Amino acid sequence: MKLGIVGLPNVGKSTLFNAITKAGAECANYPFCTIDPNVGVVAVPDKRLDFLEKLYNSKKKVPAMVEFVDIAGLVKGASKGEGLGNQFLAHIRETSAIVHVVRCYENSDITHVMGEIDPIRDIDIIETELMLADLEAINKKLEKLQRDIKSRDKKVVAEKELADKIKAHLESGKPVRTLEIEEEQKEILRNFFLITAKPVLYACNISDADLPEMKNKYTEQVLQRAKQENAQAIPICAKIEAELSELSDEDQLAFLKDLGLTEPGLNRLIKASYDLLGLITFLTAGEDESRAWTIKKGFLAPQAAGVIHTDFERGFIRAEVMAYDDLFKLGNDKAVKEAGLLRSEGKDYVVKDGDIIEFKFNV
């Protein structure tokens, strides 16, 4: 999973990126301190995996991973070359989803590129630039389709029909992700590689003074906006996340407790991203390794097996499945089996989040 972090300059993008990846991206109180996209890979926190590692005395633990890309600050007119211009476009197109950091706190010591705090205006600026970039891309696509339509090829006709619909939607000032399309058009849309078709998670960067309630008048505005456009929003304090990233696990827990929090914002950010993208985790465990695997919600057992290795899917026989909650409650797999909770599932089994699976296959 690759998440692109975007937002206006000085909203806390690089601070948040540094905190969650400890990659050391330059962070300063001026625009464009991140010129080349910084990339960091972070392990997905999962207490279930920690439990399995200890239970099976595994030689290694392999968590699921998330890749974060910190993309240079955008400004009004970016699609026409202002600021860093179109340098950001390719990097955003390569991501699975967009984490849009929005400044939701006041601090006279940190300048705002627009002079005052207004999260909805900030969202509109970024959204407009991304829609203009998409409009340019769809117009180029339509020029080619207009030439090819003479062939009356069904695929070309379908692509042009969708492209015309997208252009009208963008020209009405709406991002592509809010466009209602038929199921068979979704694959065509994916191949257009449009930025505003990507799901968006608004990260409301709040002050530490807003903890532990995690809300203020600005976050409420962003939450309402997210509901209107099929997006998600979570509050997060980049300043606190940066401080947490410098602490040991034990000191983190003590610091969180003092703040009235139960977990770091990173955990909530990743959980929200999984929900946004319709992802879940299944687990494999044993003496050699305990590992978390990320799959799409709704995957059948053979598809999940294929994530491990294509041979597992090709030669799938069955899946031996137990729920993590059952194993945690009963203490070991023998007790799970004796309780009749170890299941043998076939090709039509829909994998659930937290399933611990051993695949049987033959190739």
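A residue counts as buried when its relative accessible area is under 20%. The exercises below apply this to a predicted model.

**Exercise 1.** Work out what share of the residues of the protein is buried, and describe the surface that remains accessible.

*Solution.* Begin with the cut-off of under 20% relative accessible area; by this rule, 50% of the 363 residues count as buried. Then turn to the outside, where the accessible surface comes to about 18,400 Å², with 49% of this area belonging to carbon and sulfur atoms.

**Exercise 2.** Decide whether the radius of gyration agrees with that of a compact globule.

*Solution.* First take the rule, 2.2 Å times the number of residues to the power 0.38. For 363 residues a compact globule would have a radius of gyration near 21 Å, and because the protein has 23 Å, the two agree. Next, consider the extent of the C-alpha trace, which spans about 65 × 65 × 35 Å along the principal axes.

**Exercise 3.** Find which residues touch the most other members of the largest nonpolar core, and follow one of them to its contacts.

*Solution.* Start from the general tendency that, in soluble globular proteins, nonpolar side chains are buried together. Here the largest nonpolar core has 71 residues, of which Val66, Phe68, Tyr202, Leu211 and Val222 touch the most other members. The largest share of this core, seven residues, is supplied by helix 10 (residues 265–277). Now follow Val66: leaving aside neighbours within four places in sequence, its contacts include Met1, Leu3, Val42, Ile270 and Tyr274. Finally, a second, separate core of 18 residues has Met131, Ala163, Val176 and Ile188 among its members.

Technical notes
Residues numbered from 1 in each chain as written. Predicted model: local features only at pLDDT ≥ 70, side-chain atom pairs only at ≥ 80, totals over all residues. Heavy atoms only, no water. Buried < 20%, exposed > 50% of the residue type's maximum accessible area, 1.4 Å probe, protein only. Areas by Shrake-Rupley, 256 points an atom, 1.4 Å probe, with all protein chains shown as cover. Core = buried A, V, L, I, M, F, W, Y, C linked by side-chain atoms within 4.5 Å. Helix = DSSP H or I, 4+ residues; strand = E, 2+ residues; numbered from the N terminus. Contact = heavy atoms within 4.5 Å.
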